[in-house]
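Let's walk through this structure together, one piece at a time. Keep the 3D view open as you read, and turn it as each part comes up.

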Amino acid sequence: MNFDAKQADVGSVILPPPMEQRVLDVRGLNFFYGKHQALFGVDLPVARGKITALIGPSGCGKSTLLRTLNKIYDLYPGQHAEGQILFNGENLLNPREAVEDAPPAAGLAINGDNARLRARIGMVFQRPTPFPMSIYENIAFGVRLHRNVSRAQMDEIVETSLTRAALWDEVKDKLDKSGLSLSGGQQQRLCVARGIAVEPEVLLLDEPASALDPLSTAKLETALIELKQSFTIVIVTHNLQQAARISDYTGFMLMGKMVEFRPSGEAFVRPATAAMRDYVTGRYG
Amino acid sequence: MSVETAGPSRAARQDAFFQALCFSAAMVLMATLAGLLIALVIGGWPALAHFGPKFFISAAWDPVAEDYGAAGPIVGTLVTAGLAMVMALPLAVGIAVFLVEFCPSVLAKYVSMAVELLAGIPSIVYGMWGLFVLAPWFALHVQLPLFYVVDPDSFWGHLFEGIPNGANIFTAAMILAIMVLPYIATVLRELLLSVPTHVREAAYGMGCTPYEVVSKIMLPYIRRSAIGAVMLGLGRALGETMAVTFIIGNSHEFPRSLFASGSTIASTIANEFAEASSDLHVSALLALGLVLFVITFAALVGARLLIGREKA
């Protein structure tokens, strides 16, 4: 892949969802790995109850952008972000800042509490990450972090979460088995179930299907479309068909910039920028 | 002379020679181990045959009457090493977790250096420090106060019974704990670093606090290998000689309290080998060596089994 400067400077076409729908609203985000800048003034409006897909060639910054949304990059001292990440109208990067023209506030303020933030913005990673405990405990663990529930309630939460992640039928007879004993596809759906069990508002998925076979991918996609009823989903994917199939909005990124952000139907049928047209027609990898 | 025909055969000869060289290097090691074991068995046999199973359960150790029983040193060895592990493990976990999870990278360099330095100090230095500094301090500030406070007929009174001179099983275990600490801490640190980044991130991504990530995800993740690390430390504590000899009090009495003088297998051998006059005395010491060999070997094999199972 080789983009010259002209193609990178195609300008951008952003058709965002209405302000009052934006549960997350990233504005002018710059991100740095040490001295290396990876994101340049990125905008990302995320509509509540929709699936937003982020696509683009490797290294374009889409995973980096996703990792800013729950501030998981905070684990690494060298990484930092500048700009605004508005979650229910509150700037996660500067909680005390009064934001003009912000989406409506909802729920308790995060106020710099990363644990509270991540309870409300869950994440599923590229590789399945079951914890070293039973299938049941993998789900109960996260719930227990944030709420006190009775054993009966917990049973119900475990069953509901696994059902919604399209995994219940496959594991209902072996809930006490280790989460690591499942296949890769099952492990990934376990991670989805674990993520939704704590009932976050937003679920971030970083190429969740990249390590899965087509059948597992199909099951995961089905689960995600079902989940849209109750959660906002942001998914990074290399699979354009997947993005077109399941997403409502699509953001196309290139070299650390958001080049095109539009409703998925229009974006894939008639890309507005030359760069995205080239990318979706396969001219660039 | 044709290069084409000579080339491959020379390479093959080189290969065979190289293989034989590596093989013999490995065999030298095996032979040494086997030779050591055989020598200990042969040397210790007269004593083992003379006393029979009583050698392991009798606490008599009387060179004048030629009556030898190893129960005192065996129990002394196991108790000091075990106590040392109990003291060292929580500290080692704390050090490792701090270094991996919380320590600013500037400070981490110096703490790691201190840990390595601690591992590099010769054991005789620990021994001298134990005898001249730790023992008097311990006698004055721990044993004496306890002596006045605790009812001598109670359970605690029996546990803390002993001459208040600081040279006892407990202080020996303290010295051992300091000595094995850097080993356990280093291995635990490596193990914590081996927890995959994505598992750690996933735990934080669930909204875990750092304490929850460490205690509920990372430590359970390395649980089994960590037992291996402890066993390696235990192996070292079991065989440590000089430092223990300095401070344990070197009494062959069966240890009846925590603050009683005692002996370990290694300290007994170090103290008596040069002065052993009779054949039976020498044989009894060699038999002690065999027992230590077997105990240490068992600990190391246990460690290897546990670590191996995790990797598989």
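In this predicted model, chains A and B meet through 20 residues of chain A and 15 residues of chain B. Which helices of chain B should you look at on that side? Helix 8 (197–205) and helix 9 (210–239) each supply at least two residues of the side of chain B that touches chain A. Helix 8 of chain B gives the most, with six residues. Sort the side of chain B that touches chain A by class, and you will find eight nonpolar, four polar and three charged residues.

Now step back and take in chain B. Its secondary structure comes to 12 helices and two strands. If you follow the chain from the N terminus, two helices come first, then the two strands, and helices make up the rest of the order, α-α-β-β-α-α-α-α-α-α-α-α-α-α. The radius of gyration of chain B is 25 Å, whereas the globule rule gives 20 Å for 312 residues, so chain B is more spread out than a compact globule. Along the principal axes, the C-alpha atoms of chain B fill a box of roughly 85 × 60 × 30 Å.

The UniProt record helps to place parts of this chain. An unreviewed entry there puts the feature "transmembrane region" at residues 20–45, 78–103, 124–149, 169–188, 226–248 and 284–307 of chain B. Try checking two of these spans against the model. Residues 124–149 of chain B are 100% helix and 0% strand, with the end C-alpha atoms 34 Å apart. For residues 226–248 of chain B, the figures are 87% helix and 0% strand, and the end C-alpha atoms are 29 Å apart. The unreviewed UniProt entry also gives chain B the feature "domain: ABC transmembrane type-1", at residues 74–303. In the model, that span of chain B is 78% helix and 0% strand, and its end C-alpha atoms lie 21 Å apart.

Next, look at how helices pack within chain B. Two packed helices are described by the angle between their axes and the distance between the axes. Helix 3 (residues 71–102) and helix 7 (residues 169–193) of chain B pack at an angle of about 40°, and their axes are 5 Å apart. These two helices of chain B are therefore oblique to each other. Helix 3 of chain B passes helix 7 of chain B in a right-handed crossing. By class, their contact has 29 nonpolar, two polar and one charged residues.

Finally, cross over to chain A. Here an unreviewed UniProt entry places the feature "domain: ABC transporter" at residues 24–280. That span of chain A is 36% helix and 25% strand, with end C-alpha atoms 26 Å apart.

Chain A offers a helix pair to look at as well. Helix 5 (residues 151–164) and helix 7 (residues 184–197) of chain A pack at about 125°, with their axes 8 Å apart, and they are therefore oblique to each other. The crossing of helix 5 of chain A past helix 7 of chain A is right-handed. Which residues of helix 5 of chain A meet helix 7 of chain A? They are Ile157(A), Ser161(A), Leu162(A) and Arg164(A), and they meet Ala193(A), Ile196(A) and Ala197(A) in helix 7. The residues of this contact divide into five nonpolar, one polar and one charged.

Conventions: Residues are numbered from 1 along each chain as its sequence is written. Chains are lettered from A and ligands numbered from 1 in the order in which they are written. This is a predicted model: local features need pLDDT of at least 70, side-chain atom pairs count only at pLDDT 80 or more; totals for chains, interfaces and linings use all residues. Two residues are in contact if their C-beta atoms, placed from the backbone, lie within 7 Å. Helices (H or I, at least four residues) and strands (E, at least two) are DSSP runs, numbered from the N terminus. Ala, Val, Leu, Ile, Met, Phe, Trp, Tyr, Cys and Pro count as nonpolar, Asp, Glu, Lys and Arg as charged, and the others, Gly among them, as polar. UniProt positions are given in the numbering used here, feature names are shortened, and annotations may be inferred rather than shown by experiment. Axes are lines fitted to C-alpha atoms, for helices over the stretch in contact, and angles run from 0 to 180 degrees between N-to-C directions. Angles under 35 degrees count as roughly parallel, over 145 as roughly antiparallel, 65 to 115 as roughly perpendicular and the rest as oblique. A crossing is left-handed if the near helix is turned anticlockwise from the far one by less than a right angle, and right-handed if clockwise. The radius of gyration is taken over C-alpha atoms; the globule rule is 2.2 Å times the number of residues to the power 0.38.
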